[in-house]
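Biologist: I should like to request a close look at a single part of this model. Please take the strand pairing as the starting point and proceed from there to the side chains.

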Amino acid sequence: MYIDFKKNCFYVLVLAILLGFFLVSCDKKNEVVSLSQDSLFALEYGNFENEVNLFSLSQPSDVHTYITMQDGFFYIVNGESKKILELSSYGDLISIYYNEGTNPTPEFAEDDFAQVASSTKKAVSYPFNSLGPITVDSHKYIYVVDTLPEARQEMDTENRLLLSQVVLRFSNNGEFIDYIGQRGPGGEPFPYIRSLYTTQNNELVVVCQTNTGMIVYWYDDTGYLRHSVPFDSSQLPNPLAEQTPMEMFVMLDKVIPSRTEDKLYVKIDYYTSTVDTASNVQSGIDYTSSLLFPLDVNTGNYEKPLTIPVYQQEDTDGLTRVVYPLPYEFLGVTESGWFFFIVPDDTGYHIQMIQKDGLRILNRHLELNHKDVLYHNFSLSSEGIISVLLAYTDNVTVSWWRTDSLIDSILKE
């Protein structure tokens, strides 16, 4: 039998090239593209107007420093020094709202001459007590959480809740307008406030933590209450219960309002109990999946949920490779209806962006060295820009990832 070795070697070579091309193509198809990080500016540690106080990072305590971005301007709440900074994307100070008892008077506000010379800046004195999350509407009105002095706090004995926080409201010229409580301007204090949001119509949404779940307060643009929506963890929807005989655990992760509709997006994580086959005894719980439910605040009805694809974490130890699912954190929603989810990984953060109808899913990676970062705080703008405040040993930096341009390019397709 005659064998043409040259011809067979040629076929083998062609096959190897095609196989290599196939593998490379598959690898590129599954590869998660990293987004380019723009480092915008840095702030030094200190007590002056263009500095932040985070000297307590070395101690095991809560950090009360937050960031939000509106129309390219950054607002940083530095609760440790009881002040709010408004800065440009270059780090130039535009406004400072500060407690005189914990901050020196800004140099540009010390006398009338300096005020005239620095007319582009403004300094607003206010007796902040203990600052929390912040949001800013399209008119550049500032809404910020503050804790009342103990003498003004109340107790909700029926629900066993301490009512201790209010939302302060400042106009775009720095004037203090009023504070918003549960029923509106001047109302009774809130329980612990987890987050603040503003909508396209400049309506304020306050998300509070309770002993049984959460409660959301939705106000019109004048500050008067439109909706009060409680979420009891024991009464959350669970369409997955019928799919398994095992006991399931339902956890309410986050509630975030739509920016354009009277809807709340409710992210719920589901866990299933695991049983040891040898002893037939429950040995733990495993994360199963996450669903995002739209809730119509006018009717109180849940709509069809969106299934959030699970993030697969890989751990390798020698020749052993273990893959296990992790839940994403719900970061927010844009005006164009894209949902953003985030989860940390070994080299930064994995971002999953899902279009409202679930037909398009984008996966991207944010490069970040966790070892160097002592504290971080993320924020998502209405356009889809991810901003982050990063605290290091020497300073605080502010960066963003322009995911809005990625969304725009898809919408134009």
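How many bridges join β2 to strand β3, and do the two run parallel or antiparallel?

Modeller: The model is a predicted one. In it, β2 and strand β3 (residues 51-52) are joined by two bridges and run parallel. Within this pairing, Tyr45 is found opposite Val52 in β3.

Strand β2 (residues 37-45) also pairs with strand β33 (residues 395-401); here seven bridges are present and the strands are antiparallel. Two of the facing positions may be named. Asp38 stands opposite Trp400 in β33, and Ser39 has Ser399 in β33 as its bridge partner. Trp400 has a further contact of interest, for Arg402 lies over the face of its ring, at 5.2 Å from the ring centre.

These strands belong to an open sheet of five strands, whose order is β3-β2-β33-β32-β31 and whose pairing is mixed. The edges are formed by β3 and β31 (375-380); each has a single partner strand, and therefore one side of each is left without a neighbour in the sheet. As a general matter, side chains in a regular strand alternate between the two faces of the sheet.

Tyr45, already met opposite Val52, leads from the sheet to the packing of nonpolar side chains. The largest nonpolar core has 34 residues, and Phe231 and Leu264 are those with the most contacts inside it. Strand β21 (residues 263-276) supplies the largest share of this core, namely five residues. Tyr45 itself is in a second, separate core of 24 residues, which also includes Met69, Phe74 and Ile76. In soluble globular proteins, nonpolar side chains tend to be buried together.

The surroundings of Leu264 illustrate the packing in the largest core. Apart from neighbours within four places in sequence, Leu264 is in contact with a set of residues that includes Val216, Trp218, Val229, Phe231, Phe293 and Val297.

A charged residue may be set beside these. Arg364, in strand β30 (residues 361-367), is buried, with a relative accessible area of 17%. Residues up to four places away in sequence being left out, Arg364 touches Val32, Val33, Leu35, Tyr349, His350, Ile351, Met353 and Leu406.

Aromatic rings provide a further kind of contact. The model has 19 aromatic pairs. In one of them, Tyr126 and Phe170 have ring centres 5.5 Å apart and planes at 85°, so the pair is edge-to-face. This pair links distant parts of the chain: Tyr126 is in the loop between β8 (122-125) and β9 (131-136), whereas Phe170 is in strand β13 (residues 165-170), 44 residues apart. Both residues are buried: Tyr126 has a relative accessible area of 18%, and Phe170 has a relative accessibility of 0%.

Tyr126 also pairs with Phe176; the ring centres are 4.9 Å apart and the planes are at 40°, so this pair is tilted. Because Tyr126 lies in the loop between β8 and β9 and Phe176 in strand β14 (residues 176-181), the pair ties together parts that are 50 residues apart in sequence. Phe176, at 31% relative accessibility, counts as partly exposed. Through ring pairs, Tyr97, Tyr126, Phe128, Phe170 and Phe176 are linked into a cluster.

Methods. Residues are numbered from 1 along each chain as its sequence is written. This is a predicted model: local features need pLDDT of at least 70, side-chain atom pairs count only at pLDDT 80 or more; totals for chains, interfaces and linings use all residues. Side-chain values use heavy atoms; hydrogens and water are left out. Rings of Phe, Tyr and Trp (its six-membered ring) pair if their centres lie within 6.5 Å; planes under 30 degrees apart count as stacked, over 60 as edge-to-face and the rest as tilted. Helices (H or I, at least four residues) and strands (E, at least two) are DSSP runs, numbered from the N terminus. Buried means under 20% relative accessible area, exposed over 50%, partly exposed in between (1.4 Å probe, protein chains only). A charge sits over a ring if NZ of Lys or CZ of Arg is within 6 Å of the ring centre and within 35 degrees of the ring normal. Two strands pair if DSSP finds at least two bridges between them. A nonpolar core is a set of buried Ala, Val, Leu, Ile, Met, Phe, Trp, Tyr and Cys residues joined through side-chain atoms within 4.5 Å. Contact means heavy atoms within 4.5 Å.
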